[in-house]
Every structure is written in C-alpha cells, then in structure tokens.
Amino acid sequence: IFKEVCTLLLAAHLLGDQISLLNWLGFALCLSGISLHVALKALHSRGDGGPKPLKGMGSSPDLELLLRSSQQEEGDNEEEYFVAQGQQ
C-alpha cells in the first residue's frame, strides 16, 4: 500500500499527472476501507488467545451433505451403467 501511495504522489508531482476530485475521493475511500479492515482484524484477534483449533472433518453439516450427495450420484451412475449393459 505504501508503495502505491508513493507511486501516485510521485506521478502527480514529478510527472505532472492530473488527479481529479473523483480520483481523490476514490483514493480516500480505498484507504478508509483498508484502515477499517486492519482495525477490525486487530480488535478481533486481540480477544483470541491464539489460533483457533481446526474442527474435525465430520463436524461440518455442509461437508456431510456434500458427501451424501456425491455418494448418491455415484450410486445413480452405477445403476445407469448396469441398465445400459442389460444387467440388473
């Protein structure tokens, strides 16, 4: 971020690039968003004692649903294969 700010200021002062009011407003909005993000990250991590432990693979209901649907699709494909081969 510091490098980009320096590049912008050098281009404006040394090379004579014109920065419009809209560009300055966008720049200010971008910097405020970055600052807010860093501040929220710092506040959030301050309350934690350390890194959070990873959950086990089977603890997520979404993962369980994905596994069930993929197993069901595999079963459907096998069934279609045997029907196409004339076997059941």
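This passage walks through the fold, the surface and a few side-chain contacts of the protein.

The model is a predicted one. Its secondary structure is simple to describe: there are 3 helices and 0 strands, so reading from the N terminus gives the order α-α-α. Burial is scarce here, with just 2% of the 88 residues counting as buried. The protein exposes about 8200 Å², and carbon and sulfur atoms supply 63% of that area.

Part of this surface is a nonpolar patch made up of Leu-10, Leu-14 and Leu-15. Together, these three leucines have about 370 Å² of accessible area. Leu-14 sits in the loop that links α1 (residues 2-13) to α2 (residues 21-47). With a relative accessibility of 67%, Leu-14 counts as exposed, because the cut-off for that label is over 50%.

Turning to charged side chains, opposite charges can pair when the charged atoms come close. The structure holds 1 salt bridge, and Lys-3 and Glu-4 are the partners. Their closest N and O atoms are 3.8 Å apart, which falls within the 4 Å limit and therefore qualifies as a salt bridge. As for the surroundings of the two residues, Lys-3 counts as exposed at 60% relative accessibility, whereas Glu-4, at 49%, is partly exposed.

Aromatic side chains bring another contact into view. The count comes to 1 aromatic pair. It joins Trp-24 and Phe-27, whose ring centres are 5.8 Å apart. The two ring planes meet at 80°, so the pair is edge-to-face; the label applies because that angle is over 60 degrees. Both residues belong to helix α2. They are 3 residues apart there, which means that about one helical turn separates them. Neither ring-bearing residue is buried: Trp-24 is partly exposed with a relative accessible area of 36%, and Phe-27 is partly exposed at 23%. The value for Phe-27 does not fall under 20%, so the residue misses the cut-off for buried.

Helix α2 also holds Leu-31. This leucine has a relative accessible area of 29% and is partly exposed. Leu-31 can be set against Val-5, which lies 26 residues away in sequence. In space, the C-alpha atoms of Leu-31 and Val-5 are 9.8 Å apart.

Technical notes. Residues numbered from 1 in each chain as written. Predicted model: local features only at pLDDT ≥ 70, side-chain atom pairs only at ≥ 80, totals over all residues. Heavy atoms only, no water. Helix = DSSP H or I, 4+ residues; strand = E, 2+ residues; numbered from the N terminus. Buried < 20%, exposed > 50% of the residue type's maximum accessible area, 1.4 Å probe, protein only. Areas by Shrake-Rupley, 256 points an atom, 1.4 Å probe, with all protein chains shown as cover. Patch = residues over 30% accessible without salt bridge, like charges linked within 9 Å, V, L, I, M, F, W, Y side chains within 5 Å. Salt bridge = Lys/Arg side-chain N within 4 Å of Asp/Glu carboxyl O. Phe/Tyr/Trp six-rings, centres within 6.5 Å; stacked < 30°, edge-to-face > 60°.
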